[in-house]
Amino acid sequence: MSVNPVHQTELESLLAISSGLNSTGGNDRLKNIMHQLLSDLCKTIRQFDVTDEEFWVAVNYLNELGGRQEAALLAAGLGLEHYLDMRADEKEAASGHDVGTPRTIEGPLYVANAPLSEGFARMDDGKEQAETMWLQGQVTDLHGKPVAGAIVDIWHANTLGGYSFFDQSQSEYNLRRRVRTGDDGRYAVRSIVPCGYGCPPDGPTQKLLTAMGRHGNRPAHVHFFVSAPGYKHLTTQINLNGDEYLWMTLRSRRGRS
């Protein structure tokens, strides 16, 4: 579709006004970001000849997304949160820094100030009949030297895929603990084997993923924050071997390579 020069001039004027570029005061960085976002959105509307009906469906979708408080879930589901990790890895690689343990996304279900233990903690409250899981590890620097006094913050879902605080049936801080490493940098926890889970089936995130032909399931996994004075904060996680969605994800990635 060709662009009418007069229309393009009017659009550029509209975008400058809408993003605040013609206004004094305000945040210049925010203005430029909003100008780029609005420009790209208008370009998309023109390129795909988006109808009025489609536009208002999208606006109402955003209202629904906010009402269900799923914006963070959608950001992870669309890969945007992972893209932030990719950018951080790229910057560190360009600077010649060894990144050590790979970072992964935090996800939307972290809760701060979990109970703190020294060296060992039991994470579950004992109310679920589930397979016991033992996790142990060692925090080291990039040269393999143990890091004493590091805080390992661990959280994961229960056997139904629910997280305490978000799942009101669970006790406070169930399956959430912080452990301070000993002089040898080691920590250990006892917990239960978590279950994988999906997006709320009636929510806007799953609605969009379904429309794109995607499932919204995560393999069973455990989240970690690791922090210590003088060291960069690490956000990472592990997936549990044998979960069907773990292998489905790997197969789909290989198929695209």
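In the predicted model, the centres of domain 1 and domain 2, taken over C-alpha atoms, are separated by 39 Å. Domain 1 comprises residues 5–50, and domain 2 comprises residues 78–239.

The second largest pocket is found where these two parts of the chain meet the same space: domain 1 (5–50) and domain 2 (78–239) both contribute residues to its lining, and the pocket therefore lies between them. Its volume is about 920 Å³. A total of 24 residues line the second largest pocket, and Leu41, Ala58, Tyr61, Leu62 and Leu208 are those that lie nearest its centre. Two or more lining residues are given by each of helix H2 (28–47), helix H3 (52–67), helix H4 (71–77) and helix H6 (204–211). The largest share comes from H3, which supplies 8 residues. In terms of residue class, the lining of the second largest pocket consists of 21 nonpolar, 1 polar and 2 charged residues.

An open sheet is formed by 3 strands, arranged in the order E2-E6-E3 with mixed pairing. Strand E2 (120–122) and strand E3 (132–138) occupy the edges; each has a single partner strand, so one side of each is left without a neighbour in the sheet. From one strand to the next, the twist averages 10°. The pairing of E2 with strand E6 (residues 186–192) is parallel and extends over 3 bridges. Within this pairing, phenylalanine 120 has alanine 188 of E6 as its bridge partner.

A further pairing involves strand E9 (residues 221–227) and strand E10 (residues 234–239), which run in the antiparallel sense and are joined over 6 bridges. One of the partnerships links valine 226 to leucine 234 in E10. E9 and E10 form a hairpin, with 6 residues between the two strands. In the turn of this hairpin, glycine 230 has a positive phi of about 85°.

The chain also carries an annotated segment. An unreviewed UniProt entry assigns the annotation "domain: Intradiol ring-cleavage dioxygenases" to residues 135–163. In the model, the span 135–163 is 0% helix and 34% strand. The C-alpha atoms at the two ends of this span lie 18 Å apart.

Definitions and conventions. Residues are numbered from 1 along each chain as its sequence is written. This is a predicted model: local features need pLDDT of at least 70, side-chain atom pairs count only at pLDDT 80 or more; totals for chains, interfaces and linings use all residues. Side-chain values use heavy atoms; hydrogens and water are left out. UniProt positions are given in the numbering used here, feature names are shortened, and annotations may be inferred rather than shown by experiment. Helices (H or I, at least four residues) and strands (E, at least two) are DSSP runs, numbered from the N terminus. Two strands pair if DSSP finds at least two bridges between them. Axes are lines fitted to C-alpha atoms, for helices over the stretch in contact, and angles run from 0 to 180 degrees between N-to-C directions. Domain bounds come from an automatic or database domain assignment. On a 1 Å grid over the protein atoms alone, a cavity is a set of points where a 1.4 Å probe fits but cannot get out, and a pocket is an open set with protein on both sides within 12 Å along at least five of seven lines; lining residues have an atom within 4 Å of a point. Grid points are joined across faces, edges and corners, and a volume is the space filled by probe spheres set on the points. Ala, Val, Leu, Ile, Met, Phe, Trp, Tyr, Cys and Pro count as nonpolar, Asp, Glu, Lys and Arg as charged, and the others, Gly among them, as polar.
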